[in-house]
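Here are a few notes from going through this model with the side chains switched on. Have it open next to you as you read.

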Amino acid sequence: MQPTLNLDHFLTDDDCDIGDEYASVVDAALDMRRKFSSVLRQARQLKTTLQAKQADLEHERQRLELRTIAETSRNKLRQQSRRLRQCKDDNRSLRLQNQELASRLEVARKELEKVDHLRCTLCTVAFKDAMLPCGHTACRVCLDLWIGQGNDCPWCRRSFEVGDIRDLYLADPSATADALEEDGDVTDVISLASDSE
């Protein structure tokens, strides 16, 4: 066995004070270490809490953003729905107008059919306003062009003189069949109700 060395008898009182101070510094260092560990632990907890709060805030921001997008989309959808309703109303109105115009067109077509027999059979544009001695009728312009080619009827080929062409006037069916012109000639009156050819 080896002899142990007892150093206590070598130490003086001053040396004991240094040992006590050393022990108190070590205790203070250990206490500081404990406090630092506690502060570090609290900092980690605060960091975790802060990250959780940041995640919550981010989640809330995303919810608000989605809510804003949803509200904007709802507003756009409402506007488009209003426009669609307006287009449907306009379409319905246009359809009704189209039906009205179609019925008016049909009435006008029937009215035109009633007087279609009064159109010149040569040009089919102008109304008949002249009658040949044979009883055939046409517009004055067409007859003047025809007379340049010869003095016979375009339909029955009977000859006539230019002075034999009588002027015709359109009148109501209740009007007289003949009207006296200013120069005393008799002018035929064509009724709107029937064909005079």
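1. A cut-off to start with: a residue counts as exposed when its relative accessible area is over 50% and as buried when that figure is under 20%, with partly exposed in between. Keep in mind that this is a predicted model.

2. Take Thr-124 with that in hand. Its relative accessibility is 54%, so Thr-124 counts as exposed. You'll find Thr-124 in the loop that runs between helix H1 (13-115) and strand S1 (130-131). Its backbone is worth a look too: phi is near 55 degrees, a positive value in a residue that isn't glycine.

3. Arg-157 shows a positive phi as well, near 65 degrees, and again this is a residue other than glycine. Arg-157 sits in the loop between helix H2 (140-147) and strand S3 (166-171).

4. Which residues of H2 are buried? They are Cys-142, Leu-143 and Ile-147. Looking down the axis of H2, the buried residues fall within an arc of 135 degrees, so they line one face of the helix. That buried set packs against S1 and strand S2 (137-138). Turn to the face pointing away from the buried side and you meet Val-141 and Leu-145, both exposed.

5. On to charges: the model has 11 salt bridges. One of them joins Asp-167 and Arg-140, at 2.5 Å from N to O. This pair ties together distant parts of the chain, with Asp-167 in strand S3 and Arg-140 in helix H2, 27 residues apart. Asp-167 is partly exposed at 29%, and Arg-140 is partly exposed at 25%.

6. H1 has salt bridges within the helix. Glu-58 pairs with Arg-61, the closest N and O atoms being 2.5 Å apart. These two are 3 residues apart in H1, which means about one helical turn separates them. Glu-58 is partly exposed at 34%, as is Arg-61 at 41%.

7. Elsewhere in H1, Arg-34 bridges to Asp-31, with the closest N and O atoms 3.5 Å apart. Here too the partners are 3 residues apart, or about one helical turn. Arg-34 is exposed at 52%, whereas Asp-31 is partly exposed at 30%. Lys-35 joins in as well: Asp-31, Arg-34 and Lys-35 are linked in a network of salt bridges.

8. Last, the rings. How many aromatic pairs are there? The count is 0. There is a charge over a ring, though: the charged end of Arg-119 sits over Phe-127, 5.2 Å from the ring centre.

Conventions
Residues are numbered from 1 along each chain as its sequence is written. This is a predicted model: local features need pLDDT of at least 70, side-chain atom pairs count only at pLDDT 80 or more; totals for chains, interfaces and linings use all residues. Side-chain values use heavy atoms; hydrogens and water are left out. Rings of Phe, Tyr and Trp (its six-membered ring) pair if their centres lie within 6.5 Å; planes under 30 degrees apart count as stacked, over 60 as edge-to-face and the rest as tilted. A charge sits over a ring if NZ of Lys or CZ of Arg is within 6 Å of the ring centre and within 35 degrees of the ring normal. Helices (H or I, at least four residues) and strands (E, at least two) are DSSP runs, numbered from the N terminus. Buried means under 20% relative accessible area, exposed over 50%, partly exposed in between (1.4 Å probe, protein chains only). The arc is that of the directions from the helix axis to the C-beta atoms. Contact means heavy atoms within 4.5 Å. A salt bridge is a side-chain nitrogen of Lys or Arg within 4 Å of a carboxyl oxygen of Asp or Glu.
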